[in-house]
Amino acid sequence: MSLSSLFCTTAVVLASTVALSYLFVFRIFRIVLRALGEHLRRRTATKRELVLSELAEGKGILVGFFHPFCNAGGGGERVLWAAIRATQKKHPNVMCIVYTGDQDVDKATILSRVEHRFDIHLDPTRVVFAFLSTRYWVAASTWPRFTLIGQSLGSLILAWDAFRLLVPDIFIDTMGYAFTLPFAKLLFDIPTGAYVHYPTISTDMLSALPSSPTLHTRGKRLYWQLFAQLYTRSGNSIDTILCNSSWTASHLRTLWPSRATTITVVFPPVAVEALAAAIPLHRNTNRDRVILCIAQFRAEKKHDLIIDAFALYCAMHPEDAETRLVLIGSVRHSEDATRVYDLRLLAHGKGVKDRVVFVCDASWPEILEWLGRAWIGVNAMWNEHFGIGVVEYQAAGLLSVVHNSGGPKLDIVVDVDGGATGCHAETVEEFARGFEWGLNLPPKEVDEMRCRARASAGRFTEAVFAEAWLVGLGSLLEMARKR
């Protein structure tokens, strides 16, 4: 045998050995996880019977919703509660379990806030809460370095905490922790589903890295590429994938290619009907010169850019002493409270503190009141995955000034019947010009645009969401019944 033939044969033998070793290790790993899953089933069997005893004849299906911040009061939470409401109305034999880290509140308080914040009423006997003690593992502050992989690994710890409390028949992630879904599949071989608001990593993130050939940049690019591969493997194992916008769907179809044809856009539910009933569309004297922003007080919502743009508008129009900026948002924790304080300081430093109003943790009636009074609705987040607040602007008849990216650009603030429903902006100057445009439109154009905006909002009603959600859930229920 020649030296080259010997080398090739040795290489093939070594490669085959490595491949077989990998398959053997992976098989052992799966066997161990499945054994752990069976242990958890037996351990939680008594609690399962107790939970199901609330249903007719004590029989039914447990559908688990993994949402560690279910009491946050944002758009993602509206999706969660609307999904549970639709599930309860359609499937009386389903018990919904919400896995949450909100240990500081009880079930009654959470459901009361759901009614207070979203005007969503649930049957409390058919929703239970599993309170998790390990939520800090998914906090960004826990992982100051390698945050993406750290939070993803932390989500596995949190999922293990959840399964120790109660094993579901169907497991659905509604917050973006994709790694938990193959974990559930390996442990229990149960149907899994995801409602994706925002991909954990996207091609935009990779393209945003500077092209400089520094060691740091190369290392970060490699790290993100490796994480993207792990994210791809996780996503490709999910049974049913729903997402909230065309922007999100486009990224997921690239990241999860084997699931590309089954990814379904299900727009989030917005209280369009309630807004239309509560707020007259015609132009009237109750409208104030108010620029309204409805968004959680998080850094990516760019409240600072909005304040800067408002200050610039005020400088451009010193004769306009009437227009105000109103910022409405939920405050989830001390970091958000600090952010609100910093934004107040910014408004003070810009000389507009007396014309910027902060409304924290507003009730639904308060939000309705402001939507009925305001003139312009603004959203400045870059690549906002959808933008429930923007749909609320449209349903209320506001003129929208939104960032020229993501869901607000692609799905919401689009032309209707050949006419605009708002405008797009990116820089502080462009947002200031957007405010100027909206506040100075002729009355006839204002009325026409309000009509188009409300017509556009009709695509995002709670009824439309419920119908699409139940189709996705139905496929998971069918899988569960066959097991």
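For the count of charged side chains, Lys and Arg are taken as positive and Asp and Glu as negative, with His and the chain ends left out. On this basis the protein, which is described here from a predicted model, carries 51 positive and 47 negative side chains, and the centres of the two sets are 7 Å apart. The accessible surface amounts to about 21,500 Å², and carbon and sulfur atoms account for 59% of this area.

The secondary structure consists of 18 helices and 13 strands. The radius of gyration is 25 Å, close to the 23 Å that the globule rule gives for 483 residues, so the protein is as compact as a globular protein of that length. Along the principal axes, the C-alpha trace extends over about 90 × 70 × 45 Å. Of the 483 residues, 52% are buried, and among the contacts between residues at least 6 apart in sequence, 73% connect residues that are at least 24 apart.

In soluble globular proteins, nonpolar side chains tend to be buried together. In the present model the largest nonpolar core comprises 66 residues, and those with the most contacts inside it are Leu292, Leu327, Ile328, Leu371, Phe431 and Phe435. Helix H11, which covers residues 303-316, gives the most to this core, contributing eight residues. A second, separate core is made up of 48 residues, including Leu33, Phe163, Leu166 and Phe179. Beyond its neighbours within four places in sequence, Leu327 is in contact with Cys293, Phe297, His303, Ile306 and Ile307, and also with the run Val356, Val357, Phe358 and Val359.

Leu398 is located in the loop that links helix H14 (388-396) to strand E12 (399-403). Because its relative accessibility is 0%, under the 20% limit, Leu398 counts as buried. When neighbours within four places in sequence are set aside, the residues in contact with Leu398 include Leu292 and Leu371, both of which are listed among the residues with the most contacts inside the largest core; Arg287, Trp375, Tyr393 and Ala453 are also among the contacts of Leu398. The C-alpha atom of Leu398 is separated by 48 Å from that of Asp189, a residue 209 positions away along the chain.

Asp189 itself follows directly after helix H6 and adopts a positive phi of about 55 degrees. Helix H6 (residues 180-188) is mostly covered, with nine of its nine residues buried, and these include Lys185 as well as Leu181, Phe183 and Phe188. Pro182, which is also buried in H6, is in contact with Ser234, as are Ala178 and Phe179, once the neighbours of Ser234 within four places in sequence are left aside. Ser234 belongs to helix H8 (residues 215-235) and, at 8% relative accessibility, counts as buried.

Positive phi values are also found at two loop positions. Phe146, although not a glycine, has a positive phi of about 50 degrees and is placed in the loop between strand E3 (127-131) and helix H5 (147-165). Asn383, likewise not a glycine, has a positive phi of about 55 degrees, and its place is in the loop between strand E11 (376-379) and H14. With respect to solvent cover, Phe146 is exposed, with a relative accessible area of 55%, whereas Asn383 is buried, with a relative accessible area of 4%.

Methods:
Residues numbered from 1 in each chain as written. Predicted model: local features only at pLDDT ≥ 70, side-chain atom pairs only at ≥ 80, totals over all residues. Heavy atoms only, no water. Helix = DSSP H or I, 4+ residues; strand = E, 2+ residues; numbered from the N terminus. Buried < 20%, exposed > 50% of the residue type's maximum accessible area, 1.4 Å probe, protein only. Contact = heavy atoms within 4.5 Å. Core = buried A, V, L, I, M, F, W, Y, C linked by side-chain atoms within 4.5 Å. Rg over C-alpha atoms; globule rule 2.2 N^0.38 Å. Areas by Shrake-Rupley, 256 points an atom, 1.4 Å probe, with all protein chains shown as cover. Charge placed at Lys NZ, Arg CZ, Asp CG, Glu CD.
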